[in-house]
Amino acid sequence: MKYAYSAAQLAFKQEVEAFLSEHLPADLAHSVRCGAGISKDQLAAWTRVLNAKGWAAPHWPVAHGGTGWNLVHRHIFDVACREYHAPQLSAFGFSMVGPAIAKYGTVEQQAKYLPQILNADLWFCQGYSEPQAGSDLASLRTKAERLGDQYIVNGQKIWTSAAEDADWIFCLVRTDMQVQQQKGISFLLIDMSSPGVTVKPLYAFNGKRLWNQVFFEDVHVPVSQRLGEENFGWTVAKSLLGDERLLVSRVAENKRILSILIDTIEHEYGVGENVPASLAAEMTELEIRLQALEVSSLRMLSKADAGAQFGAEPSMLKLKGSQLVQDLDELLFRAVGHLVLARDRAPYASHTLGAESFSEPFVGSELTEFVASGRYHHRGYTIAGGSSEVQYNIMAKQVLGL
Ligand SMILES: Cc1cc2nc3c(=O)[nH]c(=O)nc-3n(C[C@H](O)[C@H](O)[C@H](O)COP(=O)(O)OP(=O)(O)OC[C@H]3O[C@@H](n4cnc5c(N)ncnc54)[C@H](O)[C@@H]3O)c2cc1C
């Protein structure tokens, strides 16, 4: 099992790393590395640095500001960005709705939205899931009734990440109740400041606002904000995944977490014989799993670059990648031991008691914030984007023929 980069790929990797060394602000990388969270303004500033270089939207067609990189180059770029602790750009704008607008949008829609997304002037969130429609997304019930050149939208979305920072939401809505579920869905772009849109926060166990509920009450949406034909939304939604489907292995993120695990263990125990043998053995096993995942992923990406089509195989990468993140988290948590508890309480306390009541200095390594918070946040990786059970079902049916 071996995968070696070509000379051209290695040169590209060096070019990306040189750019990150020169342009990624050290304080920003430090905050990302420690899991401290960064502001929308900081993320906007970094987005603009990448946009000025022409590297903000590797997923878009070149005509709309894309890079023209193949999948292996995109993998190399992702890994370098993660290893340098660059913040991730908004996936909703760059990986999801941007490519969909490029593919299905009218010329007017493309001219209106794409440049604003590229320059971080317009932020989207994703309104797919509903209280009764998650894995079974096609059963969604938020409805949009046509009234002249407007839709009147009523319903509710849930688990909407980053809705609190979003200017617009891309939404799946039901426009025909009479036909088969998938055939009665349309794809709307909705301004979050429209009258009748309400956002309510949902907090994770670590006290962080990871999601929201978004309510629509008689929200008027111009028909010109529909992407694709009426009742064609399911096709648009599926295409949103596009090539992204092959980049689901979380190799880049796993590498970043592994580097933090290694730093943490060195900080807590030093190196060599001081590291407990069981810890060293578990770390080595996780490292081997990560290497196997990266080689499998690169093999698939390079075949796809050569024109191969894939069916259910990416489900395997999604499954293994999300499980590995959680296993790395678990080992990190144990490596830091009791020190994580001090950090663990901090964000929770700031919501329940007020930030000022938790002013004692932190103990332990500066990385314990990342450990505590990541452990909760990454639990969602086996659910988001299609739960593990759903991935098993897909592989059972399409790969094993069961
Ligand atoms: C971190 C995170 C961020 C998210 N961000 C967004 C967002 O921005 N926008 C958005 O729209 N949604 C978002 N979601 C929601 C996500 O898409 C849904 O949680 C997901 O689709 C699962 O739906 P559900 O929560 O309703 O669970 P359900 O579909 O009700 O599943 C519950 C359990 O049943 C299992 N299950 C379901 N169907 C089957 C089956 N056929 N066979 C076997 N087991 C099954 C599932 O695996 C799961 O364990 C986010 C979720 C997470 C965790």
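**A ligand shell between two domains**

Helix 13 makes the largest contribution to the shell around the ligand, supplying three residues. Helices here are DSSP runs of H or I with at least four residues, strands are runs of E with at least two, and both are numbered from the N terminus. The model is a predicted one, in which local features need pLDDT of at least 70 and side-chain atom pairs count only at pLDDT 80 or more, while totals for chains, interfaces and linings use all residues. Residues are numbered from 1 along each chain as its sequence is written.

A good place to begin is the ligand itself. It is surrounded by 16 residues, and the closest are Tyr128, Gly134, Ser135, Gly380 and Ser387; a residue is counted as near if its C-beta atom, placed from the backbone, lies within 6 Å. At least two residues of the shell come from each of strand 1 (124-127) and helix 13 (388-398). By character, the shell comprises ten polar residues, five nonpolar ones and one charged. In this grouping Ala, Val, Leu, Ile, Met, Phe, Trp, Tyr, Cys and Pro are nonpolar, Asp, Glu, Lys and Arg are charged, and the others, Gly among them, are polar.

Stepping back, the protein is divided into domain 1 (7-89), domain 2 (124-236) and domain 3 (248-398), with bounds that come from an automatic or database domain assignment. Because domain 2 and domain 3 both give residues to the shell around the ligand, the ligand lies between them. The centres of domain 1 and domain 2, taken over C-alpha atoms, are separated by 30 Å.

Ser135, one of the closest residues to the ligand, offers a detailed view of this region. Ser135 sits in the loop between strand 1 and strand 2 (143-147). Ser135 counts as exposed because it has 12 C-beta neighbours inside 10 Å; the cut-offs within that distance are 12 or fewer other C-beta atoms for exposed, 20 or more for buried and anything in between for partly exposed, with C-beta atoms placed from the backbone. Leaving aside neighbours within four places in sequence, Ser135 is in contact with Ser387 and Val390, contact meaning that the C-beta atoms, placed from the backbone, lie within 7 Å. Ser135 and Gly386 are 251 residues apart in sequence, yet their C-alpha atoms are 6.5 Å apart in space.

For the protein as a whole, 76% of the contacts between residues at least 6 apart in sequence join residues at least 24 apart. Of its 402 residues, 35% count as buried.

Technical notes. Two residues are in contact if their C-beta atoms, placed from the backbone, lie within 7 Å.
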